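Hi there,

Here is the structure I promised to pass on. Please have a look at it first, and then read my notes below.

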Amino acid sequence: MKTCWLTIPYIVLAAVAAVRFCLLSVLPGDQEDKWSRQFFRALRDLAFLCLLTLLACSWLSGFFPWVNLVMLSVLATVLLVKTALVSILWLLCAGQAVPHRLSRWAIAVARFQPGQGSRALGWGAAFVFTGAAALIAYLYSGDMPLLLAAFLSLTLGFVSLLQGASRLLKAKKA
């Protein structure tokens, strides 16, 4: 399986995000401008996460051929959950009967937007995993550019993790 096939779930995730934000703008009590800004942030995050995933999987797929299948399985699971969430929102916007707890859960999850500290922690983890993939690929191949990529990714990851942790601690104290 080629690594470029991993872009397809990200394209579908972007479409699901567009539908989700359109449905959220229809629900009462929401501001469309707020959702459009969050939609563009989500698209930017998906594009950047897709790039990091493609880099990590391309570095590792030569040594571990099952990496692409594992990542495709993870992306399929994420897509399943997000599609189920959008399906519930769709039913709510159409005025169909949905169990109360399920509808409250779906709206709460769909409206959840991580704060700056949580986003920084997430990006830090993504960079650390990408850097670890580059480091593992370097250990197997000995290519020096992979060592540079590992150093840059791990540095960005640990800096983001520290920033996210400090933002969360500041928010907790306030």
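Which residues lie nearest the centre of the largest pocket, and how many residues line it? Please keep in mind as you read on that this is a predicted model. The lining has 42 residues, and those nearest the centre are Tyr10, Asp45, Leu46, Leu49 and Val78. The space in this largest pocket comes to about 1,300 Å³. Two or more lining residues come from each of α1 (7–26), α2 (32–61), α3, α4 and α5. Of these, α2 gives the most, with 11 residues. As for the chemistry you would be working with, the lining divides into 31 nonpolar, 6 polar and 5 charged residues.

Now for the overall picture. The protein chain has 6 helices and 0 strands, so to speak in the order α-α-α-α-α-α from the N terminus on. Taken along the principal axes, the box that its C-alpha atoms fill is roughly 60 × 45 × 25 Å.Three helix pairs are worth going through in turn.

**α1 and α3.** The axes of these two helices come within 10 Å and cross at roughly 20 degrees. Angles under 35 degrees count as roughly parallel, and the crossing angle therefore makes α1 roughly parallel to α3. The crossing itself is left-handed. On the α1 side, the residues that meet α3 are Pro9, Tyr10, Val12, Leu13, Val16, Val19, Arg20, Leu23, Leu24 and Val26. Their partners in α3 are Leu72, Leu75, Val78, Leu79, Lys82, Thr83, Leu85, Val86, Leu89, Trp90 and Cys93. By class, this contact has 18 nonpolar, 1 polar and 2 charged residues. Two names from the pocket come back here: Tyr10 and Val78 belong to this contact, and both are among the residues nearest the pocket centre.

**α3 and α4.** Helix α3 covers residues 67–93 and helix α4 covers residues 100–111. Their axes come within 9 Å, with a crossing at roughly 115 degrees, and this crossing is left-handed. From α3, Leu85, Ile88, Leu89 and Leu92 take part, and they meet Leu102, Ser103, Trp105, Ala106, Ile107, Val109 and Ala110 in α4. The contact divides into 10 nonpolar residues, 1 polar residue and no charged ones. Leu85 and Leu89 meet α4 here, and they also appear in the contact of α3 with α1.

**α5 and α6.** Helix α5 (residues 116–141) packs against helix α6 (residues 144–173) at an angle of about 160 degrees, and the axes are 7 Å apart. Angles over 145 degrees count as roughly antiparallel, which means that α5 is roughly antiparallel to α6. This crossing, too, is left-handed. In the contact of α5 with α6 there are 22 nonpolar, 11 polar and 1 charged residues.

One residue in this last pair gives you a handy place to look. Leu154 sits in helix α6. Leaving aside residues up to four places away in sequence, Leu154 touches Phe127, Val128, Gly131, Ala132 and Leu135. For a sense of distance across the model, the C-alpha atoms of Leu154 and Ala15 are separated by 31 Å, and these two residues are 139 residues apart along the chain.

Happy to talk any of this through with you.

Best wishes

Terms used: Residues numbered from 1 in each chain as written. Predicted model: local features only at pLDDT ≥ 70, side-chain atom pairs only at ≥ 80, totals over all residues. Heavy atoms only, no water. Axes fitted to C-alpha atoms, helices over the stretch in contact; angles between N-to-C directions. Helix = DSSP H or I, 4+ residues; strand = E, 2+ residues; numbered from the N terminus. Parallel < 35°, antiparallel > 145°, perpendicular 65-115°, else oblique. Left-handed = near helix turned anticlockwise from the far one by under 90°. Nonpolar A, V, L, I, M, F, W, Y, C, P; charged D, E, K, R; others polar. Contact = heavy atoms within 4.5 Å. 1 Å grid on protein atoms, 1.4 Å probe; cavity = no way out; pocket = protein on both sides within 12 Å on 5 of 7 lines; lining within 4 Å. Points joined across faces, edges and corners; volume = space filled by probe spheres on them.
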